[in-house]
Amino acid sequence: MHTQLLGIDWGTSNRRAYLVGRDGKCLARHADDQGMLAVGGDFAGSLAALRASMGVGTAIPVVMSGMVGSASGWQEVPYLDTGVPLTALPAHLASVAGHPGCFIVPGYCTRDGAIDVMRGEETQLLGAAGRGLSDGWVVLPGTHSKWVFLRGGRVDQLVTYMTGELFSMLAAGGTLAALMAAGPDDETAFAAGLQEARRGRPLSNALFGVRARVVSKTMAAAQARSFVSGLLIGTEFVAAQGHADSAIDIIASPALSARYESAAAYYGMPARAHDPDEVYLAALAHFFERL
């Protein structure tokens, strides 16, 4: 019987690893920028280096979630149908061919109406469900922000917004890039962006309006970055108001949680924040039964 487990949240750009005991306690943790894009396809070599840096021997099993299981990852793992409850994830772990003791958590795909997918968030949701969040809306902000409605520990609805990716792209190049130069957060401008999102104008039109506000001297250029942040995050909440009429639970870093809690308050949605590390660690405890 294994007494320890190495859990890895292996994303596109970043990677977080946790060594946990059967009692759920975290024995060691590690974070780096060795995501899927950085390892150049050498997932086995990258995992070996990670084990060495953490002092984790090869006899300790590893459970990986995120883009490591995508078509561009180590080994593609088919999506599960949302009829499969979160608590059944351990029974659906995929073994990595040629690497005993290495497993990948499958993601989920919704096909009823709009098609949507997720990889990595399902593990956090498993941890959230284990901590009592088995019903209601859970929001997981990030590069691709997820709004997931859980019903009885199952993924009932899934909606993805490219909020983080759009923000990064707009700041990196194009019409708004020069205006979105890094600067201090401006809560007034963020709230103005939330207000603009509430107007419901097409996003491409509202985004051009940022430049119009600056060149017309209606808004200072230094406020553009926070305004765009409010506009993009606000777009999520405006869309959610059609289906989220109760409290939401947010799983994100403190900085992102603060942004989303502020937006939730503006739109009149009660919100609770949860630490992503604690949620992930809670999920890992469920996988011992499979090992």
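The exercises below work through salt bridges, a helix pair, a surface patch and two single residues of a predicted model.

Residues are numbered from 1 along each chain as its sequence is written, and side-chain values use heavy atoms, with hydrogens and water left out. In this predicted model, local features need pLDDT of at least 70 and side-chain atom pairs count only at pLDDT 80 or more, while totals for chains, interfaces and linings use all residues.

**Exercise 1.** Determine which strands are tied together by the salt bridge of Asp32 and Arg15, and whether each partner is buried or exposed.

*Solution.*
Step 1. A salt bridge is a side-chain nitrogen of Lys or Arg within 4 Å of a carboxyl oxygen of Asp or Glu. Asp32 and Arg15 meet this condition with an N to O distance of 2.8 Å.
Step 2. Asp32 belongs to strand β3 (residues 26-32) and Arg15 to strand β2 (residues 15-21), so the pair ties together parts 17 residues apart in sequence. Strands (E, at least two residues) and helices (H or I, at least four) are DSSP runs, numbered from the N terminus.
Step 3. Buried means under 20% relative accessible area, exposed over 50%, and partly exposed in between (1.4 Å probe, protein chains only). Asp32 counts as buried at 19%, and Arg15 counts as buried at 4%.

**Exercise 2.** Find the salt-bridge partner of Arg16 and place the pair in the chain.

*Solution.*
Step 1. The partner is Asp277, with the closest N and O atoms 2.9 Å apart.
Step 2. Arg16 is in strand β2 and Asp277 in helix α8 (residues 276-284), 261 residues apart, and the pair links distant parts of the chain.
Step 3. Arg16 has a relative accessible area of 22%, which means partly exposed.
Step 4. Arg16 and Asp277 also belong to a network of salt bridges with Asp9 and Arg29. The structure holds 12 salt bridges.

**Exercise 3.** Compare the accessibility of the two residues in the salt bridge of Glu196 and Arg199.

*Solution.*
Step 1. Their closest N and O atoms are 3.2 Å apart.
Step 2. Glu196 is buried at 4% relative accessible area, whereas Arg199 is exposed at 55%.

**Exercise 4.** Describe how helices α2 and α8 pack.

*Solution.*
Step 1. The axes of α2 (residues 121-130) and α8 come within 7 Å and cross at roughly 85°. Axes are lines fitted to C-alpha atoms, for helices over the stretch in contact, with angles from 0 to 180 degrees between N-to-C directions.
Step 2. The two helices are therefore roughly perpendicular, a term for angles of 65 to 115 degrees.
Step 3. On the α2 side, Thr123, Gln124, Leu126, Gly127 and Ala128 meet Pro276, Val279, Tyr280, Ala282 and Ala283 of α8; contact means heavy atoms within 4.5 Å.

**Exercise 5.** Identify the residues of the nonpolar surface patch and locate Met162.

*Solution.*
Step 1. Met162, Leu166 and Met169 make a patch of about 270 Å². Patch residues have over 30% relative accessible area and no salt bridge, with like charges joined within 9 Å and nonpolar side chains (Val, Leu, Ile, Met, Phe, Trp, Tyr) within 5 Å.
Step 2. Met162 lies in the loop between β12 (154-161) and α3 (163-172), and is partly exposed at 44% relative accessibility.

**Exercise 6.** State the phi of Lys217 and the surroundings of Asp156.

*Solution.*
Step 1. Lys217 is not a glycine, yet has a positive phi of about 65°. Lys217 sits in the loop between α5 (203-215) and α6 (224-240) and is exposed at 75%.
Step 2. Asp156, in strand β12, touches Phe149 and Arg151, not counting residues up to four places away in sequence.

Note on methods:
Accessible areas come from the Shrake-Rupley method with a 1.4 Å probe; for residues, only the protein chains shown count as cover. Angles under 35 degrees count as roughly parallel, over 145 as roughly antiparallel, 65 to 115 as roughly perpendicular and the rest as oblique.
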